[in-house]
Amino acid sequence: MIPELKKIIEQKMQKSVEALRTDLAKVRTGRAHTGLLDHVMVEYYGSMVPVNQVANITLIDARTIGVQCWEKPMMAKVEKAIRDSDLGLNPANMGELLRVPMPALTEERRRDLTKVVRHEGETAKVAIRNLRRDANQQLKDAVKDKAISEDDERRAEDEIQKLTDKYVAEIDKLLAQKEQELMQI
């Protein structure tokens, strides 16, 4: 029972870290990358879909994203969706292609993004701690049901704490990397 519980908890903690990685990738630095537009939604025949499902998204250069819609009438909708997103981007329509230049980040905007990154990291840490709490509760219930001994419970709690520490350290490392990336000019 204990090895299975530990394996399940570790998988869930790993998923929390992966979710944080995904969220951090959406936070914009000075450089352009295609994943930036992944969460921008556009109306397509009555339903909201991500931009990457109605257009090709490519990098034109280090500071410019190119968006080429598969259907001509979608250009205006995609342009409006990008402009209205919370990314602060202003696409330019070049007929067949939308050019999305990355504006340079001001010092104030960099500090705001650092706060956003820290908040995302704290949310991930809370998720990890909640997993630890749930696992410890399951161990306590198993001791009550006499499925495991108290010594086994102590050892398992120590192992779960080590897992928690490992994943919290990984989150801290990701946050430090992202903050350094944001503050870099």
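## Strand β6 and its partners

In this predicted model, G66 has R99 as its bridge partner in strand β6. That bridge belongs to the pairing of β6 with strand β4, which covers residues 64–69. The two strands run in the antiparallel sense and are joined over four bridges.

Strand β6 itself spans residues 98–101 and also pairs with β5, again in the antiparallel sense, over two bridges. Here N93 has L98 of β6 as its bridge partner. If you follow the chain from β5 to β6, you trace a hairpin with four residues between the strands. Look for G95 in that turn: its phi is positive, at about 90°.

Which residues of β6 are on its covered face, and which are on the uncovered one? L98 and V100 are on the covered face, while R99 and P101 are on the uncovered face.

## The whole sheet

Now step back to see how these strands fit together. As a general idea, strands in a sheet pair through hydrogen bonds of the backbone, and the pairing can be parallel or antiparallel. In this model, four strands make an open sheet, and their order is β3-β4-β6-β5. The pairing is antiparallel.

Why is one side of β3 and of β5 left without a neighbour in the sheet? Both strands, β3 (55–61) and β5 (92–93), stand at the edges and have a single partner strand each, so one side of each stays free of a neighbour in the sheet.

## Helices side by side

To describe two packed helices, we use the angle between their axes and the distance between those axes. Try this with helix α3 (residues 107–144) and helix α4 (residues 150–183): they pack at an angle of about 170°, and their axes are 10 Å apart. Helices α3 and α4 are therefore roughly antiparallel to each other. The residues in the contact of α3 with α4 include 15 nonpolar, five polar and 13 charged ones.

Helix α4 can also be compared with helix α1 (residues 2–26). The axes of α1 and α4 come within 11 Å and cross at roughly 10°. An angle under 35 degrees counts as roughly parallel, so α1 and α4 are roughly parallel to each other. Their contact is made of 13 nonpolar, two polar and eight charged residues.

## A close look at E179

One residue of helix α4 to find on the structure is E179. Is E179 buried or exposed? Its relative accessible area is 18%, and buried means under 20%, so E179 is buried. Leaving aside residues up to four places away in sequence, E179 touches T114, V117 and R118.

## The overall picture

Altogether, the protein has four helices and six strands. Along the sequence they follow the pattern α-β-β-β-β-α-β-β-α-α.

The C-alpha atoms fill a box of roughly 70 × 40 × 20 Å along the principal axes. The radius of gyration is 22 Å, whereas a compact globule of 185 residues would have one near 16 Å. Buried residues make up 39% of the 185 residues. Finally, take the contacts between residues at least 6 apart in sequence: 64% of them join residues at least 24 apart.

Notes
Residues are numbered from 1 along each chain as its sequence is written. This is a predicted model: local features need pLDDT of at least 70, side-chain atom pairs count only at pLDDT 80 or more; totals for chains, interfaces and linings use all residues. Side-chain values use heavy atoms; hydrogens and water are left out. Two strands pair if DSSP finds at least two bridges between them. Axes are lines fitted to C-alpha atoms, for helices over the stretch in contact, and angles run from 0 to 180 degrees between N-to-C directions. Angles under 35 degrees count as roughly parallel, over 145 as roughly antiparallel, 65 to 115 as roughly perpendicular and the rest as oblique. Ala, Val, Leu, Ile, Met, Phe, Trp, Tyr, Cys and Pro count as nonpolar, Asp, Glu, Lys and Arg as charged, and the others, Gly among them, as polar. The radius of gyration is taken over C-alpha atoms; the globule rule is 2.2 Å times the number of residues to the power 0.38. Buried means under 20% relative accessible area, exposed over 50%, partly exposed in between (1.4 Å probe, protein chains only). Contact means heavy atoms within 4.5 Å.
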